[in-house]
Amino acid sequence: MKDLAEIDCLSSVPVRRFTWRTGQWHRPGLEYLVSTDRHHGFESFEEELLLLAGGFSGSLVEALSQPFCLQFQTIHGSVKHTPNFLLLTEGIPLLIDVRPANRIAPEDEIKFAASAEVALAAGWNYAVVTGWYDHAVTVIDSFSAGRRKMTDPLRVQEQLLRAAADGPQPFGDLVERCSIPAVARAHAMHLLWYRRLGLELTGPLMDASMVRLSPTRRAAVGGW
């Protein structure tokens with residue numbers, strides 16, 4: 001198992017093909033990630049959110065869907081399991097299974113335990129994503145709308161960053177300090193996605209949510 005760490009992961013292909021047909025019960029698709037500048041396959045809404053969250057993390061280098069099929073022995077015989085994702089980051093790679101908590105059966109727990117052992121042997125981290133806070137889904141989805149490159153002829157982003165340098169302030173107040181608040185909202189989402197602005201994610205994004213300049217930006221402008 002430890003040999004997995006020596007394999008060129010970037011040369012891998014998904015174990016299963018991502019297909020679409022009328023009447024299927026699950027929701028597969030392809031999600032574009034700015035981090036990799038390409039689309040990645042997923043088989044459910046929960047998996048799509050995992051990809052978006054990985055892109056938002058800022059440390060994602062590559063996302064591999066269904067990276068390999070694991071086969072192991074139990075007291076009931078041979079078992080196969082395909083983890084959902086291997087996320088290659090600027091730090092330790094992360095092997096992930098995505099399964100809603102109410103759909104985890106005893107046999108799934110055995111598969112997850114085996115995946116955790118494989119990750120440990122390869123020097124990776126491992127996690128099972130069992131669900132999402134409602135506000136996290138909303139926030140990540142909202143931020144993702146501003147992840148693509150944006151032109152800024154009115155220099156609204158500069159206005160936002162300069163205003164944010166005054167210290168933490170409500171999101172609504174920050175955008176109102178710009179020349180065109182409606183345009184500033186879209187650019188603020190872009191800056192939040194790229195973590196040039198920071199927001200505490202313990203609740204939904206509202207006008208009252210406190211926004212601050214990111215630590216790197218504070219250092220660049222002299223800080224507060």
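Visitor: How many bridges join strand S3 to S6?

Guide: This is a predicted model: local features need pLDDT of at least 70 and side-chain atom pairs count only at pLDDT 80 or more, while totals for chains, interfaces and linings use all residues. Residues are numbered from 1 along each chain as its sequence is written, and side-chain values use heavy atoms, leaving out hydrogens and water. Strands here are DSSP runs (E, at least two residues; helices are H or I, at least four), numbered from the N terminus, and two of them pair if DSSP finds at least two bridges between them. S3 (residues 60-65) and S6 run antiparallel, and the number of bridges joining them is five.

Visitor: Which residue in S6 stands opposite Leu60?

Guide: S6 covers residues 85-89. Across from Leu60 you'll find Thr89.

Visitor: S6 also has a link to S7; which residue in S7 is the bridge partner of Leu86?

Guide: S7 is residues 94-98, and three bridges join it to S6 in the antiparallel sense. The two strands form a hairpin with four residues between them. In S7, the partner of Leu86 is Leu95.

Visitor: How many of the five residues in S6 are buried?

Guide: Buried means under 20% relative accessible area, with exposed over 50% and partly exposed in between (1.4 Å probe, protein chains only). S6 is mostly covered, and its buried residues number four.

Visitor: What is the count of disulfides?

Guide: The rule asks for a pair of cysteine sulfur atoms within 2.5 Å. As for surroundings, Cys69 is partly exposed at 41% relative accessibility, whereas Cys178 is buried at 6%. By that rule the disulfide count is zero.

Visitor: Which helix supplies the largest share of the largest nonpolar core?

Guide: A core here is a set of buried Ala, Val, Leu, Ile, Met, Phe, Trp, Tyr and Cys residues joined through side-chain atoms within 4.5 Å. The largest has 26 residues, and those with the most contacts inside it include Phe143, Leu160 and Val211. Among the elements giving at least two residues each are helix H1 (45-56), helix H3 (134-144) and helix H6 (181-193). With six residues, the largest share comes from H6.

Visitor: How many residues are in the second, separate core?

Guide: This one includes Phe68, Phe72, Val79 and Ala122. Its residue count is 13.

Visitor: At what angle do H4 and H6 pack?

Guide: Contact means heavy atoms within 4.5 Å; Val156, Gln157, Leu160 and Leu161 in H4 meet residues in H6, among them Val183, Ala184 and His187. Axes are lines fitted to C-alpha atoms, for helices over the stretch in contact, and angles run from 0 to 180 degrees between N-to-C directions. The H4 and H6 axes are 9 Å apart, and the angle is about 70 degrees. That makes H4 roughly perpendicular (65 to 115 degrees) to H6, at the angle given of about 70 degrees.

Visitor: Which strands are the edge strands of the open sheet S9-S11-S10?

Guide: The three strands of this sheet pair antiparallel. S9 and S11 share two bridges, with Gln169 partnered by Val211 in S11. H6 lies across S10 and S11, at about 85 degrees to S10. Pairing on one side only, the edge strands are S9 and S10.

Visitor: Which elements do the buried residues of H3 pack against?

Guide: Those buried residues include His135, Val139, Ile140 and Phe143. They pack against H1, H6 and S10.

Technical notes
Parallel < 35°, antiparallel > 145°, perpendicular 65-115°, else oblique.
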